[in-house]
2 protein chains.
Amino acid sequence: MVKENPSLRTDETEKGGNGRAARGPGRRLHGAIAHKLGTAILSGQYQPGDTLSGEVAFAEELEVSRSAYREAIQVLTAKGLVESRPKAGTRVLPRNRWNLLDPDVLAWAFAGEPDIQFVRDLFELRAIVEPAAARLAAQRRDKDDIKIMKDALAAMRRHTLATEAGRAADRDFHNAILNATRNDALLVLTASIGAAVNWTTQYKQRARALPRNPIPDHVRVYDAIVAGDPAAAAEAMGMLVDLALEDTASAMAR
Amino acid sequence: MVKENPSLRTDETEKGGNGRAARGPGRRLHGAIAHKLGTAILSGQYQPGDTLSGEVAFAEELEVSRSAYREAIQVLTAKGLVESRPKAGTRVLPRNRWNLLDPDVLAWAFAGEPDIQFVRDLFELRAIVEPAAARLAAQRRDKDDIKIMKDALAAMRRHTLATEAGRAADRDFHNAILNATRNDALLVLTASIGAAVNWTTQYKQRARALPRNPIPDHVRVYDAIVAGDPAAAAEAMGMLVDLALEDTASAMAR
DNA sequence: CCCTGTAATATGTCGGAGTAATTGGGAATC
DNA sequence: GATTCCCAATTACTCCGACATATTACAGGG
């Protein structure tokens with residue numbers, strides 16, 4: 001007899017459904033479980049130190065097999081969210097053990113209402129790293145980098161940040177800067193943070209607050225990098241991040 | 001009949017053995033497999049785009065069950081190293097998909113001979129982040145932070161960096177600074193990088209190059225933070241990182 | 001009161017069977 | 001001859017039930 005389960009199985013895919021994050025066709029079952037538990041932990045539904053129900057019990061509760069449940073737990077373990085020990089059960093680790101910069105963890109953190117303090121921390125980190133990245137880019141960029149940035153800037157002018165194409169162009173622009181730094185660590189870090197920070201743009205739009213035209217700020221950064229002026233590039237990028245922070249801060253305050 | 005397998009099973013624990021990273025008693029089997037495959041990927045033994053052997057074949061080759069092998073693969077997938085798709089097999093992802101800042105990935109990267117370029121990237125990132133962290137710490141530290149830093153500094157004076165106690169004191173000092181920033185993102189990031197960078201101290205010692213007394217640099221940072229002088233703290237920390245970079249660079253060049 | 005040994009329990013590991021999905025090639029069509 | 005569409009083989013995904021192992025907790029003795 002095959003179990004018909006209600007929550008996150010393939011059968012009830014709800015393709016167009018608004019049903020939150022059930023499970024798309026491409027996503028694996030253990031991925032869906034990991035997402036479910038990850039968001040539950042990040043949202044504080046499970047607190048550090050809490051011990052989850054036993055494998056068998058929890059797997060039955062979710063109506064999945066123990067294997068699928070275990071693989072999901074391995075994912076969470078890999079990201080430092082939980083720790084499993086024989087006899088002791090699976091416990092949620094203290095927050096300082098979490099890999100907060102992991103792309104998935106960031107996505108889970110922003111799945112619900114993100115913690116204001118955490119958003120502030122991320123912006124602070126961004127305000128530290130991105131200007132430095134712009135400084136390096138001004139020193140190391142070549143013709144190809146400049147061309148990509150130029151194209152992205154043109155695309156940003158054509159579309160607005162309210163459209164997906166516009167946001168893609170914005171991402172391309174920043175990614176081009178990161179590539180120009182020739183620093184993989186910087187690239188990975190800022191790509192994660194940038195993606196997370198861009199989740200907040202939806203809040204900005206929800207608040208119908210798109211007060212500022214971002215083009216001039218980006219042009220200043222672009223000009224400085226083209227000119228090979230590290231100090232000016234860092235300062236221009238610093239302004240850009242600061243302004244973005246102000247926008248989202250005022251938007252989230254509502 | 002129970003299989004007697006040669007590579008990473010519990011039976012041949014070699015407790016005192018020098019046998020590299022076989023498998024301690026506490027480590028799980030799938031953790032050992034993940035470590036094995038992770039280091040193999042990070043060392044370039046498997047190149048991006050390569051597709052691993054099928055589950056059954058590879059699991060047999062490693063002489064472990066498919067469950068253990070799959071859980072290990074889930075860990076690698078969670079860290080962005082590989083991607084599994086039906087029919088297509090499990091492929092190594094391009095390097096820009098790897099979570100290079102994940103603590104485990106960093107550990108795997110430094111398990112063998114670390115890539116010089118990557119070490120340079122990490123130091124560059126550290127040179128960006130740590131001075132900024134010191135600046136924030138100088139603004140936000142309280143009495144408790146200062147006390148912890150003071151104790152760590154005293155411990156550093158008693159021991160040298162050649163001893164484990166000395167390195168622990170060094171870690172405590174830097175962690176105290178990070179805690180004083182009140183920024184979790186900064187804390188997680190720099191803790192990972194700092195740990196990885198400290199792996200390089202073993203290279204320094206292998207090269208018998210401990211040319212510099214680290215105490216004065218640390219004292220300068222400490223004094224600036226105690227005085228609440230952000231600019232001085234950032235500058236002193238910048239010097240500290242630069243000097244550390246020079247040391248390891250000269251050590252690794254040999 | 002502390003220490004030690006033993007038993008209970010939950011996680012870890014195993015192997016096999018069945019399902020689902022993607023891909024690549026072959027056939028049919030334009 | 002090139003293109004499109006469909007089918008089938010291959011592979012990962014999921015499930016299941018059993019056994020092994022490690023850790024905790026309790027009980028007994030010192």
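**Figure 1. Surface near DNA strand C in the predicted model.** In this predicted model, 24 residues lie around DNA strand C, and those that come nearest are Gly54(A), Leu29(B), Ser65(B), Ala68(B) and Lys87(B). Two or more residues each are supplied by β2 (89-92) of chain A and by α1 (29-42) and α3 (66-78) of chain B. The element that gives the most is α3(B), with three residues. By class, this surface near DNA strand C comprises seven nonpolar, nine polar and eight charged residues.

**Figure 2. Surface near DNA strand D.** Around DNA strand D there are 24 residues, of which Leu29(A), Ser65(A), Ala68(A), Lys87(A) and Gly54(B) come nearest. Elements giving two or more residues here are α1 and α3 of chain A, together with β1 (82-85) and β2 (89-92) of chain B. The surface near DNA strand D is made up of seven nonpolar, nine polar and eight charged residues.

**Figure 3. Packing of helix α1 against helix α3 in chain A.** Helix α1 (residues 29-42) of chain A packs with helix α3 (residues 66-78) of chain A at an angle of about 55°, the axes being 8 Å apart. Angles that are neither under 35 degrees, over 145 nor from 65 to 115 count as oblique, and α1(A) and α3(A) are therefore oblique to each other. Their crossing is right-handed. On α1(A), the contact is made by Leu29(A), His30(A), Ile33(A), Ala34(A), Leu37(A) and Gly38(A); on α3(A), by Ala68(A), Tyr69(A), Glu71(A), Ala72(A), Val75(A) and Leu76(A). The residues of this contact comprise nine nonpolar, two polar and one charged. Leu29(A) and Ala68(A), both part of the helix contact, are also among the residues that come nearest to DNA strand D.

**Figure 4. Contact between chain A and chain B.** In this view, 29 residues of chain A are in contact with 29 residues of chain B. On the side of chain A that touches chain B, two or more residues each come from α3, α5 (116-140) and α8 (184-199) of chain A. The largest share, eight residues, belongs to α5(A). This side of chain A divides into 15 nonpolar, six polar and eight charged residues.

**Figure 5. Relation of chain A to chain B.** A turn of 180° with a shift of 0.0 Å along the axis lays chain A on chain B with an RMSD of 0.1 Å. The two copies are thus related as by a two-fold rotation axis. Both copies use the same surface, since 100% of the contact residues of chain A recur in chain B.

Definitions and conventions:
Residues are numbered from 1 along each chain as its sequence is written. Chains are lettered from A and ligands numbered from 1 in the order in which they are written. This is a predicted model: local features need pLDDT of at least 70, side-chain atom pairs count only at pLDDT 80 or more; totals for chains, interfaces and linings use all residues. Copies are superposed by least squares on the C-alpha atoms of residues with pLDDT of at least 70 in both. Two residues are in contact if their C-beta atoms, placed from the backbone, lie within 7 Å. Axes are lines fitted to C-alpha atoms, for helices over the stretch in contact, and angles run from 0 to 180 degrees between N-to-C directions. Helices (H or I, at least four residues) and strands (E, at least two) are DSSP runs, numbered from the N terminus. A crossing is left-handed if the near helix is turned anticlockwise from the far one by less than a right angle, and right-handed if clockwise. Ala, Val, Leu, Ile, Met, Phe, Trp, Tyr, Cys and Pro count as nonpolar, Asp, Glu, Lys and Arg as charged, and the others, Gly among them, as polar. A residue is near a molecule or strand if its C-beta atom, placed from the backbone, lies within 6 Å of it.
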